[in-house]
Amino acid sequence: MSQVYDRVALIGLGLIASSMFWAIKRAGLAGEVTGYARSEATRDTARRIGLCDRVCDTAQEAVEGADLVVLCVPVGAMGAVAKDITSVLKPGATVTDVGSVKRHVIQAVGPEIPEGVHFIPAHPLAGTEHSGPESGFAELFDNRWCLLVPVDGSDPDAIARLRALWEGMGSNVDEMDADHHDLVLAVTSHAPHLIAYTMVGVADDLRRVTDTEVIKYSAAGFRDFTRIAASDPTMWRDVFLTNKDATLEILGRFTEELFALQRAIRTGDGEQLFDYFTRTRAIRRGIIDAGQDTDAPDFGRGKTTP
Ligand code: NAP
């Protein structure tokens, strides 16, 4: 794989940025990768583990001269971070991000991008419940989708270059508009996370069982919920605050379906339950056939899954 950018700057050095760094290095996609994180502790850790060719003490220093700047901070912090670096962006450079919500990022970051700099939002559909500079690994994006969400007037050459970077990091790349992205992700990621948080919260409320049976006899269904519900609180707070409409729309539908199933249980309508579960089983089959999860009975727990 050949070099796509001379200089890449990663702003925020958590799971996604650190995975990007290792994936960029694996394939030799950039000449130099600089990095910046707001806390000294994270910058120290990054220097200790060799994360980034150069770790800078300010975002501006990391961004100076970069051909690609990747904002890898929680969605709610994107606007402030963009404002901080706007004056040092190199003409012709591309600014992108990895945020889980796109409409909000476009509204917050877009106005900070100066004339002559490209802005191409993106979202890798890959992650784990771990966070921080030590949680990343080069294979995170392998065979996962990365959605590019070009804004009006995005330069085709700049899009093609960013696509080449993500493909070089192992991803399959698609393009999508921001509102559609936010709705799709509300279904596939945001609402499921909220449901997992709720289920684990319910178990925790039942203190009588939590302290003993829930943990000791934790079955696969609940264990999977706890893994998802261990995800970073800041990131997920920001996702729900910034993808409000789509999440509420999907939760409304979810609640209706839940009531329907609740009623089927109460009335003993086994046929409805059986038909429903047959339909959902086919969706699982489709995900496995598409190579987006393994068929292992432990849900691939031996490997890292997003
Ligand atoms: P992470 O591991 O928690 O790292 C977040 C980074 O952002 C840290 O370096 C942190 O700095 C910095 N940061 C936090 N709050 C900030 C603020 N207010 N201002 C400036 N910097 C701040 O997060 P991540 O999982 O890599 O997520 C980064 C982005 O990727 C988020 O927008 C998220 O929505 C998106 N994303 C996440 C996943 C996932 O599964 N985790 C998947 C796809 C996309 P310190 O370390 O100095 O505190």
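**Entry 1. A definition before starting.** I call a residue buried when its relative accessible area is under 20%, exposed when it is over 50%, and partly exposed in between. I applied this first to Asn 143, in the predicted model. Asn 143 has 40% relative accessibility, so I recorded it as partly exposed. I located Asn 143 in the loop between strand 7 and strand 8. I also looked up its backbone angle: phi of Asn 143 is near 60 degrees, a positive value in a residue other than glycine.

**Entry 2. The chain as a whole.** I counted the elements and noted 12 helices and 9 strands in the chain. The radius of gyration is 21 Å, close to the 19 Å that the globule rule gives for 306 residues, so the chain is as compact as a globular protein of that length. I noted that the C-alpha trace spans about 65 × 40 × 35 Å along its principal axes. Of the 306 residues, 44% are buried. I then considered contacts with a separation of 6 or more, and found that 73% of them join residues 24 or more positions apart.

**Entry 3. Surface and charge.** I recorded an exposed area of about 15,600 Å² for the chain, of which carbon and sulfur atoms supply 55%. I noted 31 positive and 44 negative side chains. The centres of these two sets lie 5 Å apart.

**Entry 4. Cys 52.** I looked up a further residue with a positive phi. Phi of Cys 52 is near 85 degrees, and Cys 52 is not a glycine. Cys 52 lies in the loop between helix 2 (40-49) and strand 3 (54-55). Its relative accessible area is 8%, so I entered Cys 52 as buried.

**Entry 5. Ser 135.** I found Ser 135 in the loop between strand 7 (122-124) and strand 8 (145-148). Is Ser 135 buried or exposed? With a relative accessible area of 14%, Ser 135 is buried. I then examined the polar atoms of its side chain. The side chain of Ser 135 reaches the backbone oxygen of Gly 132 at 2.6 Å, and a polar atom of that side chain lies 3.4 Å from the backbone oxygen of Ser 131. Not counting residues up to four places away in sequence, Ser 135 touches Gly 14, Leu 15, Ser 18 and His 130.

**Entry 6. Ser 171.** I turned to a second serine, Ser 171, in the loop between helix 6 (156-168) and strand 9 (172-175). The relative accessible area of Ser 171 is 5%, so this serine is buried. Which residues is Ser 171 in contact with, leaving aside its neighbours within four places in sequence? I listed Phe 141, Arg 144, Cys 146 and Trp 166. For Phe 141 I noted a further detail: its backbone oxygen lies 3.5 Å from a polar atom of the Ser 171 side chain.

**Entry 7. Helix 10.** I inspected helix 10, residues 233-242, and found Trp 236, Asp 238, Val 239, Phe 240 and Thr 242 buried. I asked what covers the buried residues of helix 10. The cover includes helix 5 (103-109), helix 7 (178-205) and helix 11 (244-267).

**Entry 8. Pro 111.** I placed Pro 111 in the loop between helix 5 and strand 6 (118-119). Pro 111 has a relative accessible area of 62%, so I entered this proline as exposed. I compared its position with that of Gln 262. Pro 111 and Gln 262 are 151 residues apart in sequence, and their C-alpha atoms are 47 Å apart in space.

Technical notes:
Residues numbered from 1 in each chain as written. Predicted model: local features only at pLDDT ≥ 70, side-chain atom pairs only at ≥ 80, totals over all residues. Heavy atoms only, no water. Helix = DSSP H or I, 4+ residues; strand = E, 2+ residues; numbered from the N terminus. Rg over C-alpha atoms; globule rule 2.2 N^0.38 Å. Buried < 20%, exposed > 50% of the residue type's maximum accessible area, 1.4 Å probe, protein only. Contact = heavy atoms within 4.5 Å. Areas by Shrake-Rupley, 256 points an atom, 1.4 Å probe, with all protein chains shown as cover. Lys, Arg positive; Asp, Glu negative; His and termini not counted. Charge placed at Lys NZ, Arg CZ, Asp CG, Glu CD. Polar contact = N/O pair within 3.5 Å; in protein donor to acceptor, adjacent residues only side chain to side chain.
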